Structure formats: structure tokens, C-alpha cells
Amino acid sequence: MASFPVPGFTGSPLARVDIERDKPAWFEEQRIHPAARLLRLDGLKPVLDEDGGLSWGPLSEAPAGVGLALLGLIDDAPRFVALTASPAEGDQRGESIAIARTMTEPGASATYAAARSLVDWHARHRFCANCGRPTSVARSGWARFCLAVEGGCGAEHFPRTDPVVIMLAEHEGRVLLGRNVRAPYGFYSALAGFLEVGESIEEAVARELNEEAGVVVTSVRYVTSQPWPFPSQLMIACIATVESDALTLDTNELGDALWATKDEVRAALAGDPDTAFRVPFPIAIAHTLLTAWVNGA
């Protein structure tokens, strides 16, 4: 089996204790637990301690009148996040990624990813999509309910995850890399796109590669996955064998594309200044996928 690094934003030490989330009394026990801690965020950006790990404070730091979400337990100690962010603040993704890249604590980026997606989801779902009435935080912060007792329709809403396929097209020992029209010159990555309703992973890979690059897929193999909390994607990494290396690019999506050998990809992954292209940083799953490919995935 090919070896590759653990994808970014994975490996959190959180025990999520889903089975307890419907118990208000249990939530209150965790809230007043002497070891309970609150994740410090600057808007939606992570705050780090001096050792490069996530910064945690007492629950008293939470602004008055805001809801709390119980992320889970770390070493049996409750870990919370305050549901304070507003969509009007922007998602701050560039700054958040830059900070996450500096984290040295194992699993810290994954704990942050869960918190960030949860906080952002709550900020965007304060009203019921069914009847339009205000919703209330429920299930220890992992849902919002439109309460019938308060005149609502009784609908239950849960945090969403949007699946995205990200893939390398492979042909005779080379893989296809594309430069998005919005990407800096020289920056190339795997192709990607949202999985649509009524579509399998394999079908989405084949469709996206054909739409963006004009290649025809003959087989697809799954490699790994990664949560991407900007705001709530699940990146599904695959490698697809294609019939031909002839390309017809969708110029609305891609400014350029190239076929790269394993030696060329290895050099780019190593940051060789003489390479013809640059690839994503290690926290991105495209980096993991390229590493897996050069290692024989």
C-alpha cells in the first residue's frame, strides 16, 4: 500500500460523544465541569498559544447571551466553542489557512475545522428554511430546531457537509494538473468539483474531468478524504485513468493545464525552485494526493 502523510484538518483528539448530545442535563454537567474549556477564536480565525497549539480559555470568556456548542471531550475534559460569528464578518479563509499551516499540535487543525464549520453553520442558519421562524440551538450545539411550542413548524436542521471530488487524471505515467483562472501564474493543482445530487463519486470524477479538460475516464480509484472547513466541504481524493492525453480545456475554469511526470511532481512537492510549476501547500489535500501518487497509489 502506498504511503502518504495524514491529510490536513484530520486527526482531532476530540471524542464527539454524539450519544449524549440530546441530554440537556448532561450538557449542563459538562458546562459547569471544572475542566471545561472554551476555544478561543478571532471571528472565525484560530487563536494559537505560544506553543503553536489551539488556545483555550474559561467558559466565562464567552460573550453574554450567545449559545455554546460542545465540540466534545479531550482527555475527558469538555471543550466548547461560542456561537458568535456573523456571516457579515466574512469567512476570513485566507488568514485562517495561513494560521492553520503554523499549528504544531497534532490534530489541532482538525479540532479547529470542526469548530469553524459549526460556528459558521449556526451563523447562516438562524432561521428555519421551512417556515422562516427563528431557530434555537439544540443537541448540545449540533443542531437547530424550529420549536413548535414557540410557534414554529417543528423542523430540525443539522450541520451540512458538501462533498467535493478532487482528482488526478492519469495517462501513461503522467498526471494532469490544472491552473485555475483565478490562481497565480505557475500554481497548478488537481482538478476538483462539487458532487451533484443523484451522482456517485466515480460519476462525479468522470464528469468533472470531461467538463474541465475533455478527457474520458476509464476507471477511478479512491485515495483518501479531508474535511475542508471553508465553510463545510468534504474533499474526496481520487485518481482516474483516462483514455488519452488530448485536452479540451474549459477556459471559464482553467487558465492552463499540463501533464507532469513523477519526477516533476516530486520536485514540485519538495519546493525545488527550478520546477516549472508550484503545487498546493501540505495542509491541502491536493498535496496529499500528489504525494500518494508519486509513492505508488
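Student: In what order do the 4 strands of the open sheet stand?

Tutor: The model is predicted. Its open sheet has mixed pairing. Two of its strands, β4 (56-57) and β5 (68-74), stand at the edges. The strand order is β4-β1-β6-β5.

Student: Why is one side of β4 and of β5 left without a neighbour in the sheet?

Tutor: β4 and β5 are placed at the edges of the sheet. One side of each therefore has no neighbour there, because each has a single partner strand.

Student: Which residue of β6 is the bridge partner of L73?

Tutor: β5 pairs with β6, residues 77-82, in the antiparallel sense. The pairing runs over 6 bridges. In β6, the partner of L73 is P78.

Student: At about what angle to β5 does helix α1 run?

Tutor: Helix α1 covers residues 24-31 and lies across both β5 and β6. Relative to β5, the helix runs at about 70°.

Student: Which element gives the most residues to the lining of the largest pocket?

Tutor: The largest pocket holds about 910 Å³ of space. Several elements each supply at least two lining residues, among them α2 (93-100), β13 (217-228) and α6 (285-294). The element that gives the most, with 4 residues, is β12.

Student: How many residues of the lining of the largest pocket are nonpolar?

Tutor: The lining consists of 31 residues, and those nearest the pocket centre are I166, S189, A192, W228 and M235. Of the lining residues, 6 are polar and 5 are charged. The nonpolar residues number 20.

Terms used: Residues numbered from 1 in each chain as written. Predicted model: local features only at pLDDT ≥ 70, side-chain atom pairs only at ≥ 80, totals over all residues. Heavy atoms only, no water. Pairing = 2+ DSSP bridges. Contact = heavy atoms within 4.5 Å. Axes fitted to C-alpha atoms, helices over the stretch in contact; angles between N-to-C directions. 1 Å grid on protein atoms, 1.4 Å probe; cavity = no way out; pocket = protein on both sides within 12 Å on 5 of 7 lines; lining within 4 Å. Points joined across faces, edges and corners; volume = space filled by probe spheres on them. Nonpolar A, V, L, I, M, F, W, Y, C, P; charged D, E, K, R; others polar.
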